[in-house]
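Biologist: I would like to go through this model slowly and ask, for each term we use, what justifies it. Could you put the structure up, please?

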Amino acid sequence: LQEPPESVLDRCANAVFDLLESTPKASANLCVVLSIAASIDVDRGTVARAHGLPSWNALPVVDLLSTALGCPVILESEANLAAVGESRAVESVHLP
């Protein structure tokens, strides 16, 4: 990926703004969850190590994106979010 990470995060913020324009009620309680295929330092809101994307290492993703969006941002690894999604899917199958 040749694009600087800050540009990628700007595009992410713009995509969120575009989505909110089409669903205005969603912006009332907005919180963004971002998944990155990397080792994540959840406490610091940074990418601890991104294999193949060294410019993302130690990047303050949560600070940059929450400033751009004006809302809380949660950063997690794709593996953790996949596990959450899978558990929710299994729960919904077993609900009455």
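Modeller: Let us begin with Thr46, which, leaving aside residues up to four places away in sequence, touches Ile40, Asp41, Ala58, Leu59, Pro60, Val61 and Leu75. Thr46 has its place in strand β3, residues 46-49, and I should add that the model is a predicted one.

Biologist: What makes Thr46 count as buried?

Modeller: The relative accessible area of Thr46 is 12%, and buried means under 20%, so Thr46 is called buried.

Biologist: How do you know whether Ala37 is buried or exposed?

Modeller: Ala37, found in the loop between β1 and β2, has a relative accessibility of 55%; since exposed means over 50%, Ala37 counts as exposed. The C-alpha atoms of Ala37 and Glu76 are separated by 8.9 Å, and these two residues are 39 residues apart along the chain.

Biologist: Why is strand β4 described as largely enclosed by the rest of the structure?

Modeller: Strand β4 covers residues 73-77, and because four of its five residues are buried, the strand is largely enclosed. For the protein chain as a whole, buried residues make up 27% of the 96 residues.

Biologist: What makes β1 and β4 a pair of strands?

Modeller: Two strands pair if there are at least two bridges between them, and strand β1 (residues 32-36) has five bridges with β4, in the parallel sense; the count of five therefore meets that requirement. One of the partnerships joins Val33 to Ile74 in β4.

Biologist: Why are helices α1 and α2 called oblique to each other?

Modeller: Helix α1 (residues 5-22) and helix α2 (residues 61-69) pack at an angle of about 40°, with their axes 10 Å apart. Angles under 35 degrees would count as roughly parallel, and 65 to 115 as roughly perpendicular, so with an angle that belongs to neither range, α1 and α2 are oblique. The crossing in which α1 passes α2 is right-handed.

Biologist: Which residues meet where α1 and α2 pack, and of what kinds are they?

Modeller: From α1 come Glu6, Leu9, Cys12, Ala13, Val16 and Phe17, which meet Val61, Leu64, Leu65, Ala68 and Leu69 in α2. Sorted by kind, the residues of this contact are ten nonpolar, no polar and one charged.

Biologist: How many helices and strands does the protein chain have, and in what order do they run?

Modeller: The protein chain has three helices and four strands, which run α-β-β-β-α-β-α from the N terminus on.

Methods
Residues numbered from 1 in each chain as written. Predicted model: local features only at pLDDT ≥ 70, side-chain atom pairs only at ≥ 80, totals over all residues. Heavy atoms only, no water. Axes fitted to C-alpha atoms, helices over the stretch in contact; angles between N-to-C directions. Helix = DSSP H or I, 4+ residues; strand = E, 2+ residues; numbered from the N terminus. Parallel < 35°, antiparallel > 145°, perpendicular 65-115°, else oblique. Left-handed = near helix turned anticlockwise from the far one by under 90°. Contact = heavy atoms within 4.5 Å. Nonpolar A, V, L, I, M, F, W, Y, C, P; charged D, E, K, R; others polar. Buried < 20%, exposed > 50% of the residue type's maximum accessible area, 1.4 Å probe, protein only.
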